[in-house]
Amino acid sequence: MTACNSKSKTKDTASSTSSAAATSAASSAAASSPAATGGASSSPAAESSSPAPGGTATAEFNAADGKVFKETSDKGGTLRYANSGDWDSLDPADTYYGYSWNFIRNYGRQLVVFKAAPGAAGAELVPDLAETLGKPSADAKTWTYKLRAGVKFEDGTPITSKDVKYGVERALDKEAFPNGPTYFNDFLDLQGYKGPYKDKGKDNKSIETPDDQTIVFHLKTAFAGMDYFAQLPSTIPVPAAKDTGAKYKEHVISSGPYKFSTNNLGKNFELVRNENYDPATDPDSGRKPLADKITVALNVNSDDIDNRLQSGDLDIAVEGTGVGPAAQGKIIGDPKLKANADSAAIARLWYTGLNKDVAPLDNEHCRKAILIGVDHTGYQRAYGGAIGGDIATNMLPPQIPGAKVIDLYEAGTKPEGDPDKAKEELKACGKDGGFSTNISYRAERPKEKATAEALQQSLSKIGIKLTLKPFPAADYYKLYAGKPDYAKTNGLGMIVAGWAADWPDGFGFLQQISDSRVIRATGGNTNIGIRLPAVDALFDKALAETDKTKREAIWADIDKTIMESSLALPGLWAKGLLYRNENLTNAFVNVGFGMYDYAAIGTSKK
Amino acid sequence: MLAYIIRRLFVAFVLLFVISAVAFSIFFYVPRLAGASADDLAGRYVGKTAGSEQIHQIAVKLGFTDPIYVQYGRYAKGIFTGSDYDTGPTTVHCPAPCFGYSFITQNPVWPDLKNRLPVTMSLAVGAAVLWLIAGVATGVLSALKRGSFFDRAAMGVALAGVSLPIFFTGLLSLSIFSYALHWTAPGGTNPMDAHNPFDWAHALILPWITLAFLFAAAYARLTRAGMLETMNEDYIRTARAKGLPERTVVFKHGLRASLTPILTIFGLDLGLLLGGAILTESTFSLPGLGQYAVIGLQNNDLPKVLGVTMVAAFFVVMASLIVDLLYAVVDPRVRLR
């Protein structure tokens with residue numbers, strides 16, 4: 001869900017197809033931005049400080065990608081955000097939008113957090129409410145976090161481990177909070193505990209708080225990546241006395257640098273400085289609460305947002321998915337506007353599942369014929385060309401730690417496909433003259449329709465005839481493409497899809513789309529047909545592996561196993577064109593989210 | 001007269017009941033007929049990692065596992081008596097007419113509708129005044145100066161007004177008047193946040209003009225056609241022969257007779273807009289009922305859509321009744337029984 005963005009961090013990830021693959025040299029240097037400043041005071045407007053090494057104050061294309069644009073510590077002004085839709089929820093227990101996890105650091109502090117820093121450092125977990133990252137037991141089933149002293153809620157009440165425990169426990173109640181992730185439900189050794197509402201007064205042995213500063217999580221299975229769970233918004237502390245359940249989103253009690261001053265659900269909300277936030281208790285997160293006030297308008301026309309960004313009437317389109325097609329053309333075509341834009345890589349893959357439940361795709365040679373014969377440049381054009389993303393050779397986006405380029409089907413070296421070699425595979429499949437199958441896509445998504453058409457056109461050259469099958473987006477996974485029986489019965493041999501990581505890590509990206517044990521017969525699956533015992537076994541191995549480097553190597557192994565199985569056609573590693581309003585200061589794209597970092601950005605407009 | 005009104009109100013009530021039952025069935029029963037199970041429907045309202053057990057819990061909570069008549073009965077009861085909702089630690093009561101709870105935000109629909117109605121009313125009524133004055137005046141003048149430059153120019157502009165969609169004229173006018181010239185308020189300005197009538201009007205002037213441009217065009221053409229027909233009637237010639245001033249002939253005898261069809265259309269148009277000016281509110285990001293319906297549609301949040309449907313149906317039915325009553329005022333030949 002959250003997206004990530006970083007240009008290649010290692011040689012391994014530098015794809016030959018990536019047009020902007022080598023920009024991160026400066027990232028690490030720029031990553032060491034000053035520690036968070038903040039608090040209640042606000043200094044008058046001043047000229048921006050000189051940029052740090054690797055940063056820049058010159059408006060140019062990608063000036064805020066991998067480095068800080070107009071780095072400053074000057075405070076003041078109002079940051080104006082707008083959202084073309086509604087927020088899923090402001091409640092830390094009930095939010096699952098990537099931009100919301102980016103923004104929530106303004107009013108909440110998790111146990112650990114992705115560092116607010118440009119470049120690769122943005123994918124690094126650092127302690128926030130906790131003093132250090134989690135300390136595991138030998139079997140990686142028990143994790144202990146020690147809280148910092150002196151952290152307070154907005155009303156001045158000290159935050160204790162019990163507040164964190166309560167925050168996690170209430171998020172377990174999926175009737176009250178249906179939107180949020182279920183990782184704690186799935187991994188904690190709950191022994192039937194259902195949360196503080198249904199099991200009021202009952203002891204939850206899976207989370208212990210031996211003292212006010214210590215919290216201990218007991219998992220039912222080993223999970224070496226527990227720190228990724230500890231960065232989930234549900235670890236933001238919630239005072240039990242102020243909890244109003246599903247209505248808590250109307251007034252979330254802040255533990256971060258800002259607090260809510262107004263909140264009109266579905267319309268707008270406003271944050272002002274939290275005078276009980278002490279930056280001294282926040283030395284690691286990289287937060288830089290620069291603006292005095294933050295306003296967020298909801299349900300604003302998306303074209304209007306793009307216009308207002310360019311006119312300076314608005315600072316940030318909070319969704320962070322990039323400007324719309326109309327504005328994209330205008331910005332790319334105008335050097336002055338382009339200088340204020342960043343093409344941010346997102347940890348999202350646009351891909352097409354090859355369904356082995358549907359003959360003849362049950363034969364791997366027929367699947368390989370598609371992977372080898374397809375014109376990847378057509379896939380890229382469907383998303384607007386290089387601005388829409390880089391041609392993907394495999395599943396894991398390059399910014400995921402451990403990702404490697406695995407180009408088994410020469411998508412990188414022969415992006416237009418290899419029809420002759422594809423025909424050999426067709427022969428091996430027993431379909432010399434080709435075959436017919438259906439391709440599904442979401443009707444409301446013109447880029448997915450264009451993808452299906454591009455694949456139809458390019459595969460027709462090797463005799464593979466595709467029939468286009470559009471389905472309503474809202475029910476695409478629930479009732480159609482993500483429901484195994486339906487997909488099989490209706491001959492959906494190819495399923496156009498997309499996926500973004502919950503966090504920039506192999507587990508966060510791969511598990512929901514390739515672990516066969518997440519597939520439900522009832523539908524709603526985002527794993528649209530990858531059922532490989534070898535992959536499942538690798539996931540189990542990774543969960544128990546406490547060595548980060550070794551664990552990251554396993555993600556690449558999983559990626560390779562999927563590619564060898566030829567069950568997925570990777571399309572693009574996505575990019576979004578972000579417009580950088582001239583007022584913005586201290587702007588940089590955060591790898592963890594694939595958009596501007598909302599915990600560090602400021603404005604020069606006072 | 002009173003008996004007529006009572007009879008019409010009763011019919012209106014029955015009509016609203018039928019509309020609510022049909023709309024409810026479309027949203028909640030038709031998907032079941034198409035093969036969707038209760039859990040399939042509930043799957044729309046959970047996070048992406050939700051398991052089968054959680055999805056089923058939500059299906060039970062939202063009442064999808066009950067027979068459709070039980071679901072509708074609960075909804076209808078909520079409109080008359082209100083309904084209770086479990087927020088987790090407490091149960092909250094939503095007073096009548098509750099219109100259910102949003103599946104996404106878990107808020108009762110009626111307070112949202114109430115909260116957004118003033119925005120929609122401000123938009124619809126203001127624009128209606130503009131388009132009625134501009135449209136009828138242009139139509140009358142065009143008819144009286146048939147074939148003149150004014151007539152041709154006015155009808156040309158009217159054709160453009162009818163042809164150009166609001167999302168085009170709206171965004172264009174925002175770009176020019178709000179972002180280039182800074183004369184009008186930017187998109188997303190909530191008129192109900194205004195501290196005085198001037199600010200309120202400032203927030204709405206562009207949406208008013210844009211919306212009125214579309215409707216005024218149609219009204220101008222309608223008025224012109226009606227006036228041309230009426231002004232050729234024998235009784236107009238008689239009125240002129242009797243020596244009545246031209247002003248009296250035009251307004252008392254000509255326009256009044258032409259007003260009946262305009263009144264009919266106006267009532268329905270205004271009623272519909274009061275139920276949400278979807279395109280205008282979306283283009284200008286106005287937090288009214290139309291935007292609320294769009295949010296509901298985008299998120300499959302059916303109680304929101306159903307709530308707006310009911311409000312829109314109420315206004316159309318009421319507008320229709322008021323128009324029928326006004327017929328008697330406008331046209332002396334009409335008698336209500």
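Helix axes are lines fitted to C-alpha atoms over the stretch in contact, and angles run from 0 to 180 degrees between N-to-C directions. Helices (H or I, at least four residues) and strands (E, at least two) are DSSP runs, numbered from the N terminus. The model is predicted, so local features need pLDDT of at least 70 and side-chain atom pairs count only at pLDDT 80 or more, while totals for chains, interfaces and linings use all residues. Residues are numbered from 1 along each chain as its sequence is written, with chains lettered from A in the order in which they are written.

A good place to begin is chain B, where helix H5 (residues 109-144) packs with H12(B) at an angle of about 130°, the axes being 8 Å apart. That makes H5(B) oblique to H12(B), as angles under 35 degrees count as roughly parallel, over 145 as roughly antiparallel, 65 to 115 as roughly perpendicular and the rest as oblique. Among the residues that meet are B:Leu113 and B:Leu117 of H5(B) and B:Tyr292 of H12(B), contact being C-beta atoms, placed from the backbone, within 7 Å.

Turning to the two chains, 42 residues of chain B are in contact with 42 residues of chain A. On the chain B side, H3(B) gives the most, with six residues.

Over in chain A, A:Glu416 lies in the loop between strand S13 (389-391) and helix H11 (419-429). Beyond four places away in sequence, A:Glu416 touches A:Asp375 and A:Thr377. A:Ile372 is 44 residues from A:Glu416 in sequence, with 9.3 Å between their C-alpha atoms.
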